[in-house]
Amino acid sequence: MSDMRRLLLIDGHSMAFRAFYALPVDNFATSTGQHTNAVHGFTSMLLKLIAEEKPTHVAVAFDVGSETFRTREYSDYKGTRDKAPEEFASQIPLIKEVLDALRIRHLEAPDFEADDIVATLKTSAEDSGFDDVLICSGDRDTLQLVTDTTTVLYPTKGVSVLKRFTPGAVEEKYGVPPARYPELAALVGETSDNLPGVPGVGPKTAAKWIGQYDGLDNVIARADEIGGKAGQSFRDNLENVLRNRKLNHLLADMDLGVGFDELIVEPVDREAVHTVFDALEFNTLRDRVFATLDADASASASDKPDLSFDIASWSDDGDLAAFLQTHAEDENAQRIALAISEGATDVDRFALATRSHALVLNLSALPEGEDAVLSAFLSGPAPKIAHDAKQLWHRLRALGYELDSVVFDTDIAAYLIHPDQRRHSLIDLAQRYLDRDVAASDAESGQLAFELDSDAAIDTLAQQALAIAELEVQLTGELEDRALSHLMTKLELPVQRILQDMESTGIAVSATVFNELFDELDADVKQAAADAYAAIGEEINLSSPKQLQRVLFEDLQMPKTKRTKTGWTTDAEALSDLFDKTGHPFLAALLAHRDRIKLRQIVETLRSATADDGRIHTTFQQTVAATGRLSSTDPNLQNIPARSEAGLRIREAFVVGEGFETLMTVDYSQIEMRIMAHLSGDAGLIEAFRKGEDLHNFVGARVFDVAIDEVTPQMRSRVKAMSYGLAYGLSSFGLSRQLGIEVGEAKSLMDEYFDRFGRVRDYLRTVVEQARRTGFTETMFGRRRYLPDLTSDNRQRREMAERAALNAPIQGSAADIIKVAMISIDDALTQTGLASRMLLQVHDELVLEIAPGELEQVEALVREHMAGAAKLNVPLDVSVGVGESWRAAGH
DNA sequence: TTGGTCACGTA
DNA sequence: CGTACGTGACCAAG
């Protein structure tokens, strides 16, 4: 249509490097073990840029070797950089192969950096009348190249989110125009290049001076006029500045011997693309290449460049009823994927999608009729899918909608498949399973709500909903392959519903108790601090391990404790040891201070986490713990102190809420040991549990060969430590250290144990062996944990994986069992029409709030469903406590 | 402002 | 040289 020319220049090295760290190295490798994460990330970014920016010309510049004219000028240039890991270096040649196949020119010049090539091409492109130059680089030095026609795209998150630096954006961010950016950088320095600047001068000061004196040259000329510490520092470090300025200037007049005709975007070399992508085992990415860069497809693909689906409609103007009728109500109705915009904007957008069609609504301006239709749909029986439905449920609830009938959650599915990944963002999943980028294209540019709610943002939301719909198909397949589908439908989704209610209900707390406790602890902290200062005659920061080490090991010359990465430990155990040895009063005061300040901190956190309704609403994380447990955040209510007196007083502040009669705690006693008895089938352990004997006395009697009533407290505590340690892969060394006995003694203790309870040893061995063979462990309910490190050459990693393999089936089965119990308790409460409710789950314990008059009934119900949650060959003992506060209801 | 380290609370 | 978590302080990077 026109002869407009737009040049895209990419700093290949810096973008590949960003990609390497943005994508998990483990997930991208060929069957032969070649790492490909950087190649994948780079290629994906490149295709996206070409599809979105539609350049007419493209070039990629690379560094060559490590020696350049800059390193000769200043031998320490980039001297602090670690050598790139081998996994990265081997990918650079592969990226060049990809570029060759795509017929994209890549350039390098000995003695120069990629930046210089970029600068040179940019300058001559502007001279020869290009309309536009785009520079994509992760090196801030390129900002000096920004002009009205040259924009730098700088990665802010991975390689998929790029910030557009126009002259205005540079000025806004750094306070200087682009041409003066290197002057600012010279003053500030660049640590990643090992170029120190002027200590005490940051971007703000630098920008101020440059503006005030009109450029760095004048700042230097009038250095004597600059007052203050910063001024003196500047005069002292003038050499640094001059050197930095010299080094960060990009050369723009290299002789590259390449004409712009050679940079024109051309149809790819199809044959070569197949060869290269076969070798890299990139399949979906290959389709994107052909969609983006292939001449044959380009005519039809021009309006939907890189997407395999068609956004048939997305609009605000009320096609909801029609959309639902078409997609959700006919006889082969699809499940509808739902997504909601980030909470940051004034406008709440909501997307509904099938795998091929999406509709985006503006919830903030929905016509009344539409609103009713949406409301009925969301709360009705039509099957829905989402990514993190619990979060969506909370958002919708705040907007006045009820969400029901969620039949699939892509976040949970991804968690069941990869329980070791701590995050399963939709963006990552779409990238991995659909090879598609559904990230907001430029999150940073959206300073204004207006921009955040731009067409691009709406499009992103539509694409996310479409991705969720497509992911369901892929993830369902994966779940079925791994026999995990029942965990999703029978366990995790019902638990998710319950967690929603628990989170929104919260637990009542007493502000008075918190306030009194805080004041008391605060006084203790101050007293302990004063005692500590008096004991050493100076006021140090008692919370700084570094300063403590100085005092303890240098000034006071105390014996060295266990090593940490950076010095010697000052943990409570070591400090007590030192106190026993030296009796120094500082240590006692320090320990007291540690204890009190920690408790004070907990109280403060809880106090400020209390909502207006006088209750604390934690968030239960259902997709982070690798074993299948829940975790709790904001605040964490699963680690409230339960041992010390002061800790227990914190539990006194958790109280029964208005309109309810009392709190109840229910917990499984020794559930992990019972699971071990069940899984191992050890007759001795099973007998202990069936007889209802005190487990540790029973085991102690066997191990020490005495009658049960002759087991001394010392014997009991030793076998107790051992029993628990076994489920964690405890070694004789660890046991000896914990019990303070010789390794030999610990060893013979373990031998005695295994002689009496031999099936336990067999079981533990089998678990690891089988996991090594299959690659994963399994709980009683089939929840898997993959442990590739079991075959690692690295002993430490291998042994760590072995311990995880021992523990995962036990901890995980316990997690499964209490989840089952929660579901059947919730069910029973609903069925019976009781108003009592679950508030918290703490791994083997539930906290409930009992409605007036329901105590007996609920207790019976809870006991029944907890004990009946799993059929083991030993009984599942449950103990119940009741009281006004969590402490009183505790055991 | 971020990320790593240390320390410490729970099951 | 015992598993699984989350939080907060400090401190050196950014």
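Which residues are the closest to DNA strand B? Keep that one in mind for the second view; every view here comes from a predicted model.

**View 1. A four-stranded open sheet with a helix across it.** The strand order is E21-E22-E18-E23, and the pairing is antiparallel. Strand E21 (837-841) and strand E23 (878-883) sit at the edges with a single partner strand each, so one side of each has no neighbour in the sheet. On average, neighbouring strands are turned by 25 degrees against each other, direction ignored. Zoom in on E21 and strand E22 (residues 845-850), and you'll find four bridges joining this antiparallel pair. Leu 840 is a handy marker here, standing opposite Val 847 in E22. Helix H37 (residues 855-867) lies across strand E18 (662-668), E22 and E23, and it runs at about 20 degrees to E18.

**View 2. The protein surface around DNA strand B.** Back to the opening question: Lys 565, Thr 570, Ala 642, Arg 643 and Asp 844 are the closest of the 19 residues that surround this strand. Sugar and phosphate make up 85% of the DNA strand B atoms that come within 4 Å of the protein. Sorted by class, the surface near DNA strand B has seven charged, seven polar and five nonpolar residues.

**View 3. Polar contacts to DNA strand B.** Ala 642 uses its backbone: one of its polar backbone atoms is 2.7 Å from a phosphate oxygen of DNA strand B. With Arg 643 it's the side chain, where an N or O atom is 2.9 Å from a phosphate oxygen of the strand. Asp 844 puts a polar side-chain atom 3.0 Å from a sugar or linking oxygen of DNA strand B.

**View 4. The protein surface around DNA strand C.** This strand has 34 residues around it, and Thr 191, Arg 422, Ser 544, Lys 546 and Ala 626 come nearest. Of the DNA strand C atoms that come within 4 Å of the protein, 76% belong to sugar and phosphate. Elements that each supply at least two residues of this surface include helix H25 (545-555), helix H27 (585-609) and strand E17 (631-633). Helix H36 (795-832) is also one of them, and H36 gives the most, with five residues. The class count is 19 polar, nine nonpolar and six charged residues.

**View 5. Polar contacts to DNA strand C.** Lys 546 has a polar side-chain atom 2.7 Å from a phosphate oxygen of DNA strand C. For Asn 541, a polar side-chain atom lies 2.9 Å from a phosphate oxygen of that strand. Asn 636 goes for the sugar or linking oxygen, with a side-chain N or O atom at 3.0 Å.

Definitions and conventions. Residues numbered from 1 in each chain as written. Chains lettered and ligands numbered in written order. Predicted model: local features only at pLDDT ≥ 70, side-chain atom pairs only at ≥ 80, totals over all residues. Heavy atoms only, no water. Pairing = 2+ DSSP bridges. Axes fitted to C-alpha atoms, helices over the stretch in contact; angles between N-to-C directions. Contact = heavy atoms within 4.5 Å. Near = heavy atom within 4 Å. Polar contact = N/O pair within 3.5 Å; in protein donor to acceptor, adjacent residues only side chain to side chain. Nonpolar A, V, L, I, M, F, W, Y, C, P; charged D, E, K, R; others polar.
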